[in-house]
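Please open the model in your viewer and keep the sequence panel beside it. The stops below say what to select next and what is there.

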Amino acid sequence: MIRSMVHEHRAELGDRSIRYLESGAGWPLILLHAFPLQAAMWTPQLERVPRGWRLIAPDIRGFGGTAAADGARPSMEDYAADLIGLLDALELDRAVIGGLSMGGYITFAMLRLAPERFSGVVLADTRAQADTPEGRDNRRTLSELVRTRGPAAVADQMMPKLLGRTTRESRPEVKQEVRRLILSNDAAGIDGAIHAMLQRPDSTAGLGRISVPTLVVTGDEDTLVPVADAEALQRAIPRSQFVVLPRAGHLSSLESPDDFSEALRNFLLSNL
Ligand code: MLT
């Protein structure tokens with residue numbers, strides 16, 4: 001296993017800046033974090049970056065070290081435009097793009113915006129469908145919760161759903177890290193993402209047009225995106241492969257870091 005140094009950087013985009021974590025050197029791979037976490041959730045993968053690859057993990061607008069923009073709440077397209085701006089600032093013509101859960105929703109928006117910029121896709125514990133009416137109601141309740149009681153209340157509500165049974169029962173260090181990552185975000189950034197997710201369009205119609213190699217990976221204890229849903233996502237994408245990680249929940253990259261990193265490495269080295 002390769003353990004690589006992780007560096008923190010900022011890219012200047014006009015009057016704003018995006019913080020990102022980076023490790024390795026070579027072909028670029030961008031990984032987008034889940035809600036309501038931040039780029040540091042990819043630390044296990046940053047530490048295990050495959051030889052010949054440069055892993056870049058940005059904080060989405062309003063999370064971690066990337067400030068929210070003034071004015072209206074962001075949309076998925078705003079997040080995607082920020083990240084295309086990051087590619088431009090880093091002078092990266094093409095990259096492999098991927099994300100976990102909300103990071104996957106943003107990946108779909110980036111594929112709509114600039115498909116020619118991507119040579120491969122990684123979709124972890126995510127779905128292409130928009131929210132159901134019931135899901136939107138739940139988001140409105142969560143928005144009210146974060147605005148009145150802050151990130152800690154969101155952590156209390158979401159952690160039992162984010163983490164698989166094995167992690168909840170036997171990985172206290174993962175629980176502690178996930179809570180720490182959630183609590184170091186601002187209520188406004190979390191609320192912005194809740195509304196971006198609530199309003200995101202359905203991405204299923206575009207799946208058949210993803211023409212580059214794609215990895216769909218999921219934890220077998222993920223209750224937010226059950227294995228059958230992840231498998232249906234993989235079947236809809238032409239050049240895709242599917243990996244199920246045992247004893248991992250929705251945050252599969254953190255809950256099963258060695259297996260996730262191995263699946264990522266095998267995909268990158270054999271397809272790209
Ligand atoms: C995530 O992990 O990013 C969230 O569970 C996504 C969502 O709430 O739809």
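Select Gln234 in this predicted model. Is Gln234 buried or exposed? Its relative accessible area is 15%, and because the cut-off for buried is under 20%, Gln234 counts as buried. The residue belongs to helix α9, which covers residues 227-235. To see what surrounds the side chain, show Val216, Ser240, Gln241 and Phe242; Gln234 touches these four when residues up to four places away in sequence are left out.

Next, zoom out to the whole chain. The fold has 11 helices and 8 strands. For 272 residues the globule rule gives a radius of gyration of 19 Å, and the model has 17 Å, close to that figure, so the protein is as compact as a globular protein of that length. Turn the C-alpha trace along its principal axes and the spans are about 45 × 45 × 40 Å. Of the 272 residues, 57% are buried. Among contacts with a separation of 6 or more, 76% are between residues 24 or more positions apart.

Switch on the surface. About 11500 Å² is exposed, and carbon and sulfur atoms supply 49% of that area. Colour by charge: there are 31 positive and 35 negative side chains, with the centres of the two sets 2 Å apart.

Now go to Ser101, in the loop between β5 (95-100) and α3. Its phi is near 55°, a positive value in a residue that is not glycine. Ser101 has 9% relative accessibility and therefore counts as buried.

Move on to helix α3, residues 102-113. Its 12 residues should span 16 Å at 1.5 Å a residue, and the end C-alpha atoms are 17 Å apart, which agrees. How many of the 12 residues in α3 are buried? The count is 10, so the helix is mostly covered. Select the buried ones to check: Met102, Gly103, Gly104, Tyr105, Ile106, Thr107, Phe108, Ala109, Met110 and Leu111.

Asp125 is another stop with a positive phi, about 45°, although it is not a glycine. Look for Asp125 in the loop between β6 (118-124) and α4 (133-149). Its relative accessible area is 0%, so Asp125 is buried.

Finish at Phe35 and Pro36. What kind of peptide bond joins Phe35 and Pro36? The bond is cis, with omega at about -5°. Pro36 sits in the loop between β3 (27-32) and α1 (43-46).

Note on methods:
Residues numbered from 1 in each chain as written. Predicted model: local features only at pLDDT ≥ 70, side-chain atom pairs only at ≥ 80, totals over all residues. Heavy atoms only, no water. Helix = DSSP H or I, 4+ residues; strand = E, 2+ residues; numbered from the N terminus. Rg over C-alpha atoms; globule rule 2.2 N^0.38 Å. Buried < 20%, exposed > 50% of the residue type's maximum accessible area, 1.4 Å probe, protein only. Contact = heavy atoms within 4.5 Å. Areas by Shrake-Rupley, 256 points an atom, 1.4 Å probe, with all protein chains shown as cover. Lys, Arg positive; Asp, Glu negative; His and termini not counted. Charge placed at Lys NZ, Arg CZ, Asp CG, Glu CD. Expected span 1.5 Å × (residues − 1).
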